Every structure is written in C-alpha cells, then in structure tokens.
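Me: Hi! I'm new to this one and would like a quick tour. Can you put it up so we can go through it together?
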Amino acid sequence: MAELAGRLRYLRNAEAVIAFALPAALIAHWTPAEQPIAWPLRAGGLVLVSALLLQGALYWHLKLECVTTRTDLPTWFAPLYTALRRANLVAFAVFAILLAAAAATGTPRADLGWSAALLAFAMLEHVNYYQRQLMYDTGRDLRAVWRRKSLRRAALGEDLRRARAESAARA
C-alpha cells in the first residue's frame, strides 16, 4: 500500500510541477528571441498543455486519497471529468482552427510550429489520460507492454467509465 501511495504521490507531484515548469521554461527560452513572437498563439498552446497536466494532477491526487483513506472516488469525479473530456475536445478543435487561420494569415513558421507541437502534446496527454496509457516510465511497465503487445487502458478513463456505469446502475 505504501509503495502504491508513493507512486501516486510521485505522479501527482510530477504532473503539477510540469504544468507550471514547462510554460516557464518555454517562455524563458522564447523571450530572448530577436524576432517578434505571436504570444497569443503560443500561450494558447501552453494553456492547453497545462490544463491537461493539471487534470492529471487532480486525478492522481484523488486516487492517492482513495488509497490512503480507503474510500472511493468522490461523487463529483465522473461529472467533472466527463465535462473536462468534452471540453478538451472542443478546445483542441478551436485551437486547430485558430492555427489554420494563423497559417492562412502568414504567421511565422516558428510560431506555427511551436503552437502545433503544443497542441499535439496536449492531445497526446488527453489520449494518455482518457484512452490509452502512453507514458511508461519503469522497466516493469515497458516489459508488460511488450508482453501484451498493446497499450494499457488509461487509468483515468477506466475509472471514469466505471463511475458512469455505477451511476447509471443506481438511476
């Protein structure tokens, strides 16, 4: 139990730190650029990535609470994460349209590239949380994927499906 709690604490803390450290590092990297920067476009990508990382941090925090208090996920988990999952998809579509419009108006390639990369990163995080686990950071996890020859279902997505099914069964 202590090992699982430690792992969940690590995941929660890592997601939360990266949600703030990544934008800070990228802004520091971009600031000395000699060319003008399309800050609204790049900032939009940073917001998407950070929002996804914070969704993960909250989820791992809730899982840690479940493990340490031996309780279930709160009743508000499923409605919140269902709304977040849908909002992510809408945000991705809107941002993709903004990127296409920016490309049509001659926005510099560097701005388009960074923004597209951030959109792709946010979309991969969404898949990692809601569909299939994409991050494997231990040798044991990698060996299990190799043995199964498939990616594991995402823990958040599985908890969301289970919570919605339980809610439907009670109704």
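Me: Thanks! Which residues form one aromatic cluster?
Reply: Happy to help, and please keep in mind that this is a predicted model. The cluster is formed by Tyr 59, Trp 60, Phe 77 and Tyr 81.

Me: And how many aromatic pairs does the structure hold?
Reply: There are five aromatic pairs. One of them is Trp 30 with Trp 114, an edge-to-face pair with 5.2 Å centre to centre and 75 degrees between the planes.

Me: Where in the chain do Trp 30 and Trp 114 sit?
Reply: They come from distant parts of the chain, 84 residues apart. Trp 30 is in helix α1 (residues 2–30), while Trp 114 is in helix α4 (residues 109–130).

Me: Is Trp 30 buried or exposed?
Reply: Trp 30 counts as buried, because its relative accessibility is 2%. Its partner Trp 114 is partly exposed, with a relative accessible area of 31%.

Me: Switching to the surface: which residues gather in a patch of positive charge?
Reply: That patch brings together Arg 140, Arg 143, Arg 147 and Arg 148. Arg 140 belongs to helix α5 (residues 139–148).

Me: Why does Arg 140 count as exposed?
Reply: Because its relative accessibility is 59%, and exposed means over 50%.

Me: What about nonpolar spots, which residues make a patch there?
Reply: Val 90, Val 94 and Leu 98 make a nonpolar surface patch of about 260 Å². Val 94 lies in helix α3 (residues 77–104), and Val 94 is partly exposed at 44% relative accessible area.

Notes. Residues are numbered from 1 along each chain as its sequence is written. This is a predicted model: local features need pLDDT of at least 70, side-chain atom pairs count only at pLDDT 80 or more; totals for chains, interfaces and linings use all residues. Side-chain values use heavy atoms; hydrogens and water are left out. Patches are made of residues with over 30% relative accessible area and no salt bridge: like charges are joined within 9 Å, nonpolar side chains (Val, Leu, Ile, Met, Phe, Trp, Tyr) within 5 Å. Accessible areas come from the Shrake-Rupley method with a 1.4 Å probe; for residues, only the protein chains shown count as cover. A salt bridge is a side-chain nitrogen of Lys or Arg within 4 Å of a carboxyl oxygen of Asp or Glu. Lys and Arg count as positive and Asp and Glu as negative; His and the chain ends are not counted. The place of a charge is taken as NZ of Lys, CZ of Arg, CG of Asp or CD of Glu. Helices (H or I, at least four residues) and strands (E, at least two) are DSSP runs, numbered from the N terminus. Buried means under 20% relative accessible area, exposed over 50%, partly exposed in between (1.4 Å probe, protein chains only). Rings of Phe, Tyr and Trp (its six-membered ring) pair if their centres lie within 6.5 Å; planes under 30 degrees apart count as stacked, over 60 as edge-to-face and the rest as tilted.
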